[in-house]
Amino acid sequence: MYTEKVMDHFENPRNVGEIENPDGVGQVGNPTCGDIMKIYLKVKDNVIEDVKFKTFGCGAAIATSSMVTEMVKGKSLDEALKISNKMVAEALGGLPPKKMHCSNLAADALQAAIQDYMDKQEKK
Amino acid sequence: MRRVYFDHSATTPVRPDVADEMCAFLKENFGNPTSLHYFGRQARKEVEAAREKVAAAIGATPNEIVFTSGGTESDNMAIHGVAMINKNKGNHIITSAVEHHAVINTVKALGKEGFTVTILPVDKYGMVSVDDVAAAITDKTILITIMHANNEVGTIMPIKEIGSLARSKGITMHTDAVQSFGKIPFSVEELGVDLLTISGHKIYGPKGVGALYIRKGTRWKQSLFHGGAQERLRRAGTENVPGIVGLGKAAELAIRDLQSEAEHLKALRDRLIHEVTTKIDYVKLTGHPTMRLPNHASFTFEFIEGESMLLSLDLKGVAASSGSACTSGSLEPSHVLLAMGIPHEIAHGSIRITLGRDNTMEDIDYFLEIMPPIVNRLRAMSPLDQETEFAINGSCDACKAHGSCKM
Ligand SMILES: Cc1ncc(COP(=O)(O)O)c(C=O)c1O
Ligand code: FES
């Protein structure tokens, strides 16, 4: 049902954990729904220096979270802002149709984290 | 890799003895039981022998057994058939919130055709209360359909009490015994039911075959299938002879071995439940602690999601199942767990282990060895813990998937 790539990211997720004093944090989903993704960012000179995630959810939720962190690490914020849920799913070689909306929220979590970073910058 | 099958409530392997008997009816004994000639007669003889075996297994007479394509058809046929013929008597049907979809969706469909439906709640163990059934009965009640044992949480319902209540009120009673048959001893007399469903593939028989017991004199009529006069007008269609032969053999063996199997399974189950609930934190047994099927252990693991546990187990060779939304094919976790009052966030973390005759204590040991690291790994990845579990806004508006989610 899942591609090899999904299973690889599920078994060996990249960048799991939290960042202390993150520059931005984003969270989407809720426990009622069955999926929550939380993404932490460390940003320096508009580049994502470090990114970590924590996810409650199914195999697809964990794999997409892992994938999105891999896709944006070292990228500029401008590049990261272009990443969509669809691109994450494609990078994983696709997801089963019924997983496309509910468990494919990792890019949303990323965008929320970037937004949080930008809001904080504005306040400074 | 070690492979451990722990999903016997989903289906079971066909026993070699059963498969052997069936084989002849795929090959040389291929006749149509309705045919007059030798080939037909041979097939007829074995279909009737199987009917006797199934009847004996539940304490019925052979005339009261109708072969079907499985549990789903038996449930549909039982409920629809009683509803249609009793229309002039009343239009009220009583069922429970934890029934299999084969029952609940059939009853709901009738609800759209002018029948009134009462779906009884269950307690935290998944048990229907006899008092609730009594209170729900009206002078329009024509059918009570409540399962004998629940497939998701293993709880055994007080069918004997409900059956005698139904009888005292002159109401037809059906029970889905797909999960209990062959696992706990019963007879249709003892349960006091008028209709009872069984399925072949849950008792080490083949898939696609089952039976419906219809007590002599029950106001029931075939109302779904139109066709030939097979099964004494109760089920049209050429009999699935290999399947029926397999069901008969499987039923016979299941009853023969019931006592020793139940003891074996209980020993495994009790150790599994004890170890899982003491060795792993934030785990709860779902279903009744004692009134449960001998092979059934089901749990909720907090802060993690069922499908990710199943995938992790599968990677280690262990096959189990879950009532989480992600595995059900819908976005809702199991209706059974929700009906028991288990919150969504916890129902998502459900796992069901259903044991079978080939499982050993070594299988249990293996599970106990691999499960704690799986739980630890997933919990370490989870943003939830005992503080945040219910603190995160549980409203749909906060959730991006809203719109596709049916809540
Ligand atoms: C309680 C119950 N009823 C009915 C069924 C359906 O039986 P079948 O698969 O033979 O249609 C099942 C099996 O999933 C079941 O567990
Ligand atoms: S909780 Fe799932 S979309 Fe709302």
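**Exercise 1. Polar neighbours of ligand 1**

Task: In this predicted model, an oxygen atom of ligand 1 is 2.8 Å from an N or O atom in the side chain of B:Gln179; work out which further residues approach ligand 1, and through which kind of atom.

Solution. Begin with B:Gln179, whose side chain supplies the N or O atom at 2.8 Å from a ligand oxygen. Next take B:Thr72, where a polar side-chain atom lies 2.6 Å from an oxygen atom of ligand 1. Then turn from side chains to the backbone: an N or O atom of the main chain of B:Gly71 is 2.8 Å from an oxygen atom of the ligand. Finally, place these contacts in their surroundings, which comprise 13 residues around ligand 1, with B:Thr72, B:Asp176, B:Gln179, B:Ser199 and B:Lys202 coming nearest.

**Exercise 2. The interface between the two domains of chain B**

Task: Describe how domain 1 and domain 2 of chain B meet, going from their extent to the make-up of the domain 1 side.

Solution. First fix the bounds: domain 1 of chain B covers 4-8 + 258-402, while domain 2 covers 16-254. Their centres, taken over C-alpha atoms, are 29 Å apart, and the contact draws 23 residues from domain 1 and 26 residues from domain 2.

Second, consider the area, since about 2100 Å² is buried between the two domains, with carbon and sulfur atoms giving 63% of it. On the domain 1 side, B:Leu258, B:Leu293 and B:His335 lose the most area to domain 2, and together they account for 29% of what that side buries.

Third, count the polar interactions: there are zero salt bridges between the domains, whereas 12 residue pairs, both members at pLDDT 80 or more, are in polar contact across the interface.

Fourth, assign the domain 1 side to elements of chain B, where α9 (241-279), β10 (296-301) and α12 (335-339) each supply at least two residues, and α12(B) gives the largest share, four residues. By class, this side holds 10 nonpolar, 10 polar and three charged residues.

**Exercise 3. A salt bridge between loops**

Task: Which parts of chain B does the pair B:Arg215 and B:Asp194 tie together?

Solution. Start from the total, which is 25 salt bridges over all chains. In one of them B:Arg215 pairs with B:Asp194, their closest N and O atoms being 3.6 Å apart. B:Arg215 sits in the loop between β8 (210-214) and α8 (230-233), and B:Asp194 in the loop between α7 (188-191) and β7 (195-199), so the pair links parts of chain B that are 21 residues apart in sequence.

Terms used:
Residues numbered from 1 in each chain as written. Chains lettered and ligands numbered in written order. Predicted model: local features only at pLDDT ≥ 70, side-chain atom pairs only at ≥ 80, totals over all residues. Heavy atoms only, no water. Domains from an automatic or database assignment. Contact = heavy atoms within 4.5 Å. Buried area = accessible area lost by both parts, 1.4 Å probe. Salt bridge = Lys/Arg side-chain N within 4 Å of Asp/Glu carboxyl O. Polar contact = N/O pair within 3.5 Å; in protein donor to acceptor, adjacent residues only side chain to side chain. Nonpolar A, V, L, I, M, F, W, Y, C, P; charged D, E, K, R; others polar. Near = heavy atom within 4 Å.
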